[in-house]
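This briefing is intended to be read alongside the sequence and the three-dimensional structure. Please keep both in view while working through the points that follow.

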Amino acid sequence: MTQDLTGIQDTLDTRDFQTDPRRIQVRGLGKTFILHNQGGTRLPVLRAIDFDASAGECLVLAGSSGAGKSTLLRCLYGNYLATEGSIRIRDDKGWVGLTRAPEQRILQLRREVIGYVSQFLHVIPRVSTLDVVAEPLQQRGAGAGEARERAAVLLARLQVPGRLWNLPPATFSGGEQQRVNIARGLIGGHPVLLLDEPTASLDADNRAVVVGLIREALAEGRCLVGIFHDEAVREAVATRLLPLHPPAADAACAARLAAVAG
Ligand SMILES: Nc1ncnc2c1ncn2[C@@H]1O[C@H](COP(=O)(O)OP(=O)(O)O)[C@@H](O)[C@H]1O
Ligand SMILES: [Mg+2]
């Protein structure tokens, strides 16, 4: 029996599905953390976020530290469950509502549609760098040899020294781990790619390599959502900015405006 996906995959409007360039649709998204070890304190982080992102776009999340940029990326990856609104991601079959989709469907999306370069590499013990990088491509059906060849090409471009490729990246420097993480995020060719400060611990030379790789991903028609600390990197890759403000700051601002208005 096939699984009933009614209510999970839904066409949103009358646009022709095949020609619709959108990959992500976010409506009224809110995220409030409940701090259970702080007496259930509610921490509103995201409120009323709306945006679409399409193939060939690099949407850059902008805002001060603590504005909720990483939280939004984690919601898009299905890591954090949104507390309000909807997130829909498109695959080749239809739109998938992340807040309602079963766990299996989310895992399938991560394998086939959404790539994620987290801020720090989650090191897998005893697995060599080459295999850490090759894994997402193998999960998408490539053979081990082909995946390792592609991993080697990416590691070389990112200037990770060949003598490190057979070692697990646990003991690598911050910048080396970050480059391994970027290679792992890019290799799968996922149509949607989420990037959380991928250049934060890189020198100028390696930042330029990453900018080149991001631009290639855009030219291939992938849809990128990223956080870039470095202004020059942001300007080199962004096609659009999404400003984020913490709700608490909004409330303080509203209070000040109300006071001024008397
Ligand atoms: N898992 C969590 N539990 C509780 N609070 C969190 C959690 N993740 C993030 N936060 C809080 O959400 C706010 C936004 O964090 P984050 O999204 O990391 O900001 P940014 O990436 O813009 O610097 C911060 O105040 C942070 O402490
Ligand atoms: Mg962050």
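**Helix H3 and the overall fold**

Within helix H3 (residues 129-139), the buried positions are Thr129, Leu130, Val132, Val133, Ala134, Pro136 and Leu137. The model is predicted, and its chain comprises eight helices and nine strands. Of the 262 residues of the chain, 35% count as buried.

**Surroundings of helix H3**

- The buried residues of H3 pack against two helices, H4 (144-157) and H5 (174-187).
- After H3 comes Gly141, which has a positive phi, near 105°.

**Nonpolar core**

- The largest nonpolar core holds 61 residues, and those touching the most other members are Leu76, Val133, Ala151, Ala183 and Leu194.
- At least three residues of this core come from each of domain 1 (22-113 + 190-262) and domain 2 (122-189).
- Leaving aside residues up to four places away in sequence, Ala183 touches Val133, Ala151, Leu154, Leu155 and Leu158.
- Val133, one of the buried residues of H3, is thus named both among the core members with the most contacts to other members and among the residues touched by Ala183.
- For the chain, 71% of the contacts with a separation of 6 or more are between residues 24 or more positions apart.

**Five-stranded parallel sheet**

- Five strands form an open sheet in the order E6-E7-E8-E3-E9, with parallel pairing.
- Strands E6 and E9 (240-243) stand at the edges with a single partner strand each, so one side of each has no neighbour in the sheet.
- From one strand to the next, the twist of this sheet averages 20°.
- Four bridges pair E6 (residues 114-117) with E7 (residues 192-196) in the parallel sense, and Ile114 stands opposite Val192 in E7.
- Is strand E6 covered on both faces or on one side? Both faces are covered: Ile114 and Tyr116 are buried on one side, and Gly115 and Val117 are buried on the other.
- In a regular strand, side chains alternate between the two faces of the sheet.
- Strands E3 (residues 58-62) and E8 (residues 223-227) run parallel and are joined by three bridges; Val60 stands opposite Gly226 in E8.
- Helix H1 packs on this sheet, where H1 touches E3, E7 and E8, and the direction of H1 makes about 150° with that of E8.

**Four-stranded antiparallel sheet**

- A further open sheet has four strands in the order E2-E1-E4-E5, paired in the antiparallel sense.
- Its edge strands are E2 (41-54) and E5 (95-97), each of which pairs on one side only.
- The twist from one strand to the next averages 25° in this sheet.
- Strand E1 (residues 22-35) and E2 run antiparallel and are joined by ten bridges.
- Arg22 has Ser54 in E2 as its bridge partner.

**Shell around ligand 1**

- Which residues are around ligand 1? They are Phe33, Leu43, Val45, Gly63, Ser65, Gly66, Ala67, Gly68, Lys69, Ser70 and Thr71.
- Two elements, E2 and helix H1 (69-76), give two or more residues to this shell.
- H1 provides the largest share of the shell, three residues.
- H1 therefore appears in two settings: H1 contributes to the shell around ligand 1, and H1 packs on the parallel sheet.

Technical notes: Residues numbered from 1 in each chain as written. Chains lettered and ligands numbered in written order. Predicted model: local features only at pLDDT ≥ 70, side-chain atom pairs only at ≥ 80, totals over all residues. Core = buried A, V, L, I, M, F, W, Y, C linked by C-beta atoms within 7 Å. Buried ≥ 20, exposed ≤ 12 C-beta atoms within 10 Å, placed from the backbone. Domains from an automatic or database assignment. Contact = placed C-beta atoms within 7 Å. Pairing = 2+ DSSP bridges. Axes fitted to C-alpha atoms, helices over the stretch in contact; angles between N-to-C directions. Near = placed C-beta within 6 Å.
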